Amino acid sequence: MAAKVQQGQVIFRQWDKNFGLEESAKSFSKLDDLFRLCLQASSQTSTDNPLSVDRVIIEGTDPAGQKVTVTLVFQAITLSEQSRR
């Protein structure tokens with residue numbers, strides 16, 4: 001049996017002047033959906049409230065059929081001059 005992705009979540013962080021650091025999550029089931037979510041985050045970025053991908057959690061099975069969770073964590077972000085406008 002081949003390893004297979006079943007589902008995942010993208011965890012976003014956003015700073016709110018009134019509420020502080022907030023997290024939100026969006027689910028995906030295909031790599032194309034993950035890509036779309038990440039692109040949406042970059043297009044929704046503003047200088048006051050940047051929306052950043054904090055981590056990606058991918059759930060699936062290994063070749064033996066055992067459940068596996070992979071978490072990708074992002075430690076830094078750089079905003080381009082274009083996104084700061």
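This report describes the strand arrangement, the nonpolar core and a surface patch of a predicted model.

## Basis of the model

In this predicted model, local features need pLDDT of at least 70 and side-chain atom pairs count only at pLDDT 80 or more, while totals for chains, interfaces and linings use all residues. Residues are numbered from 1 along each chain as its sequence is written, and side-chain values use heavy atoms, with hydrogens and water left out.

## The sheet

Four strands (DSSP runs of E, at least two residues, numbered from the N terminus) form an open antiparallel sheet in the order S2-S1-S3-S4. Two strands pair if DSSP finds at least two bridges between them. Strands S2 (20-28) and S4 (67-73) each have a single partner strand, so one side of each is left without a neighbour in the sheet.

Strand S1 (residues 4-16) is joined to the antiparallel strand S3 (residues 51-61) by ten bridges. Within this pairing, Val 5 has Gly 60 of S3 as its bridge partner.

## The nonpolar core

The largest nonpolar core (buried nonpolar residues joined through side-chain atoms within 4.5 Å; buried means under 20% relative accessible area) has eight residues: Val 10, Phe 12, Phe 28, Leu 34, Leu 37, Ala 41, Leu 51 and Val 56. S1, S3 and helix H1 (31-43) each supply at least two of them. H1 (helices are DSSP runs of H or I, at least four residues) gives the most, with three residues.

## The surface patch

Val 68, Val 70, Leu 72 and Phe 74 form a nonpolar surface patch with about 310 Å² of accessible area together (Shrake-Rupley method, 1.4 Å probe). Such a patch joins nonpolar side chains within 5 Å, from residues with over 30% relative accessible area and no salt bridge (a Lys or Arg side-chain nitrogen within 4 Å of an Asp or Glu carboxyl oxygen). Val 70 lies in strand S4 and counts as partly exposed (between 20% and 50%) because its relative accessibility is 38%.

Technical notes: Patches are made of residues with over 30% relative accessible area and no salt bridge: like charges are joined within 9 Å, nonpolar side chains (Val, Leu, Ile, Met, Phe, Trp, Tyr) within 5 Å. Buried means under 20% relative accessible area, exposed over 50%, partly exposed in between (1.4 Å probe, protein chains only).
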